[in-house]
Amino acid sequence: MPLTRDRIIGHDLERLAFRFTMLNDGDVVDCQISDAAMDELAGMQGTESSARQAQFLSLRETIERIASDLYDEAPRFKGHVVRIFVRHLGR
């Protein structure tokens, strides 16, 4: 079952990832995409932290589709975080 759009949390400078949530039948699923994966999707490198939200918004549909696909493939348990890395792209 596909996840549906929820909230944007924002860029996590410590983890070098952008955090967001999606919903699975009303349950919140924490998600994140690495900076490297977002840059790969955008066809660029070294995007500034301050520009990550705009980058996420421009790629949001693609990122959410990948997160939903990964969620469907993963074992489901409470607290599972969907993490998107470069290796998950091109599926």
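**Core, sheet and salt bridges**

In this predicted model, the largest nonpolar core counts 19 residues, and those with the most contacts inside it are Phe20, Cys31, Ile33, Ile63, Ala67, Val82 and Ile84. Five elements each give two or more residues to this core: strands S2 (17-24), S3 (27-34) and S4 (82-84), along with helices H1 and H2. H2 puts in the largest share, with seven residues. As a general backdrop, nonpolar side chains in soluble globular proteins tend to be buried together.

Now for the sheet behind that core list. Four strands make up an open sheet, ordered S1-S2-S3-S4, and the pairing is mixed. At the edges sit S1 (4-12) and S4, each of which pairs on one side only. On average, neighbouring strands are turned by 20° against each other, if direction is ignored. S3 and S4 run in the parallel sense and are paired over three bridges. Along this pair, cysteine 31 stands opposite valine 82 of S4, and both residues are in the list of those with the most contacts inside the core.

Valine 82 is worth a second look. Setting aside its neighbours within four places in sequence, valine 82 touches Val29, Asp30, Cys31, Gln32, Ala67, Leu70 and Tyr71. One of these, Ala67, is also among the core residues with the most contacts.

Both helices are laid over the sheet. H1 (residues 35-42) lies across S1, S2, S3 and S4, and runs at about 75° to S3. H2 (residues 52-73) lies across S1, S2, S3 and S4 as well, with an angle of about 50° to S2.

On the polar side, the structure has six salt bridges. One of them joins the side chains of aspartate 39 and arginine 52, at 2.9 Å from N to O. This pair links distant parts of the chain, with aspartate 39 in H1, arginine 52 in H2, and their positions 13 residues apart. Both aspartate 39 and arginine 52 are buried.

Another salt bridge stays inside one helix. The side chains of glutamate 64 and arginine 60 meet at 2.9 Å, N to O. Both residues belong to H2 and are four residues apart, which is about one turn of the helix. Here too, glutamate 64 and arginine 60 are both buried. The pair is not on its own, as Arg5, Arg60 and Glu64 are linked in a network of salt bridges.

The salt bridge between aspartate 12 and arginine 15 looks rather mixed in terms of burial. Their side chains come together at 3.3 Å, N to O. Aspartate 12 counts as buried because its relative accessible area is 14%, under the 20% cut-off. Arginine 15, in contrast, counts as exposed because its relative accessibility is 56%, over the 50% cut-off.

Finally, there is a polar side chain on H2 to mention, that of serine 68. Serine 68 has a relative accessibility of 6%, so it counts as buried. Its side chain reaches the backbone nitrogen of leucine 3, at 2.9 Å.

How values were computed
Residues numbered from 1 in each chain as written. Predicted model: local features only at pLDDT ≥ 70, side-chain atom pairs only at ≥ 80, totals over all residues. Heavy atoms only, no water. Salt bridge = Lys/Arg side-chain N within 4 Å of Asp/Glu carboxyl O. Buried < 20%, exposed > 50% of the residue type's maximum accessible area, 1.4 Å probe, protein only. Polar contact = N/O pair within 3.5 Å; in protein donor to acceptor, adjacent residues only side chain to side chain. Core = buried A, V, L, I, M, F, W, Y, C linked by side-chain atoms within 4.5 Å. Contact = heavy atoms within 4.5 Å. Pairing = 2+ DSSP bridges. Axes fitted to C-alpha atoms, helices over the stretch in contact; angles between N-to-C directions.
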